[in-house]
Amino acid sequence: MAVLVTGGAGYIGSHVVRLLVERGDDVLVVDDFSTGIENRVEGLPLVSLDLAAPDAEDRLVAAIEEHSVDSIIHFAAKKQVGESVERPLLYYRQNIGGLTNVLGAAERTGIESLVFSSSAATYGMPDVEMVAEDLDCRPINPYGETKLIGEWMIDNAITAAKMRGDTFKAVKLRYFNVAGAGWPELADTAVMNLIPIVLERVAAGKAPIVFGNDYDTPDGTCIRDYVHVKDLAEAHIASLDYMKSDDEPAETVFNVGTGKGASVKEVIDAIAEATDREIVPEMGERRAGDPPALVADVSRISAQLSWKAEFGLEEIVRSAVDAAGMSPTSK
Ligand code: WQD
């Protein structure tokens with residue numbers, strides 16, 4: 001039996017594919033290569049497919065049958081918050097449309113388990129620093145909405161499968177701030193988030209910009225929960241195993257973070273340390289929609305999946321710096 005990984009050529013997907021292959025699982029990758037990179041999944045069975053295309057469900061069914069797939073990890077989606085505000089329909093079409101086809105194919109082929117990439121963006125602007133899964137979700141952008149709607153669609157698919165007497169289990173993982181690289185060649189090539197942005201600016205001889213230093217936090221800059229992509233990838237493996245071993249999963253939604261926050265200043269300091277450079281950031285304006293602090297309560301995932309992040313900020317930053325060829329030894 002094989003695991004189908006949609007978006008398997010992406011940054012996070014390729015880390016999960018690597019772990020699955022390492023442990024001897026058969027893997028089928030589906031990716032439209034809009035942002036995925038083929039080199040990351042070299043030598044693996046591959047279907048090039050836009051999951052929102054009109055024929056996507058039928059093509060998925062054919063691929064699932066041909067490769068004897070019994071579980072799916074669904075990453076393929078658009079994930080840029082700003083773009084989602086400018087082009088909401090693109091996000092609804094790709095993220096909701098794509099998941100509709102995945103769930104349709106899963107139902108037609110009797111797939112037994114699904115892991116879904118959700119996001120801390122489902123929470124919106126919570127007024128607590130530490131967020132647990134049962135907090136009210138109030139996403140503040142179309143991207144976060146598509147992830148929350150995705151969770152509802154999956155819950156409804158579980159209910160419908162139960163009514164039909166089918167086995168269908170799912171786990172939804174709400175990622176916090178994913179960063180770092182488990183293998184240099186799988187590093188994040190998009191420059192969308194704090195660590196890659198700072199690295200790019202430093203490499204270009206520019207000062208990184210801190211989006212606001214007047215927040216009600218110890219050093220005035222925003223606090224986030226940075227989780228190593230390899231730890232996150234392990235959480236997917238733990239989720240697959242959880243669905244195999246447990247008849248009826250006790251929980252289906254889990255935060256994936258470290259439970260520890262780091263401020264923007266602390267991240268920049270860690271980058272200065274790992275690159276052995278002096279970095280003097282520029283203080284900029286606050287960015288709209290940024291909660292002052294967002295840290296995962298990880299008690300549920302640790303209790304249910306026995307998963308815990310192994311790496312901290314220093315290792316996350318060091319792996320990103322190494323992958324970017326910016327460590328002092330690679331100068
Ligand atoms: C981190 C912190 C910025 C750039 C986003 C999505 C979220 C999830 C992860 C997918 C913030 C600050 C950033 C810069 C800065 N994505 N910053 N200077 O916004 O926490 O989360 O990515 O699921 O849904 O919203 O991540 O990396 O953009 O920012 O000061 O040049 O760094 O203000 O406090 P964010 P980020």
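Q: What makes the contact of Asp-166 and Arg-164 a salt bridge?
A: A salt bridge needs a side-chain nitrogen of Lys or Arg within 4 Å of a carboxyl oxygen of Asp or Glu. The side chains of Asp-166 and Arg-164 meet at 2.9 Å, N to O, so the pair fits the definition. The model is predicted: local features need pLDDT of at least 70, side-chain atom pairs count only at pLDDT 80 or more, and totals for chains, interfaces and linings use all residues. Numbering runs from 1 along each chain as its sequence is written, and side-chain values use heavy atoms, without hydrogens and water.

Q: Why is Asp-166 called partly exposed?
A: Buried means under 20% relative accessible area, exposed over 50%, and partly exposed in between (1.4 Å probe, protein chains only). Asp-166 has 38%, so it is partly exposed. Its partner Arg-164, at 39%, is partly exposed too.

Q: How do you know that Asp-290 and Arg-224 form a salt bridge?
A: Their closest N and O atoms are 3.2 Å apart. Asp-290 lies in the loop between β14 (282-284) and β15 (293-296), and Arg-224 in strand β10 (residues 223-224), so the pair ties together parts 66 residues apart in sequence. Strands here are DSSP runs (E, at least two residues), and helices are runs of H or I, at least four, numbered from the N terminus.

Q: Why is Asp-290 called buried or exposed?
A: Asp-290 has 12% relative accessible area, so it is buried. Arg-224, at 9%, is buried as well.

Q: What makes Glu-314 and Arg-318 a pair within one helix?
A: Both lie in helix α10 (residues 313-323), 4 residues apart, about one turn. Their salt bridge spans 3.5 Å, N to O. Glu-314 is exposed at 53%, whereas Arg-318 is partly exposed at 34%.
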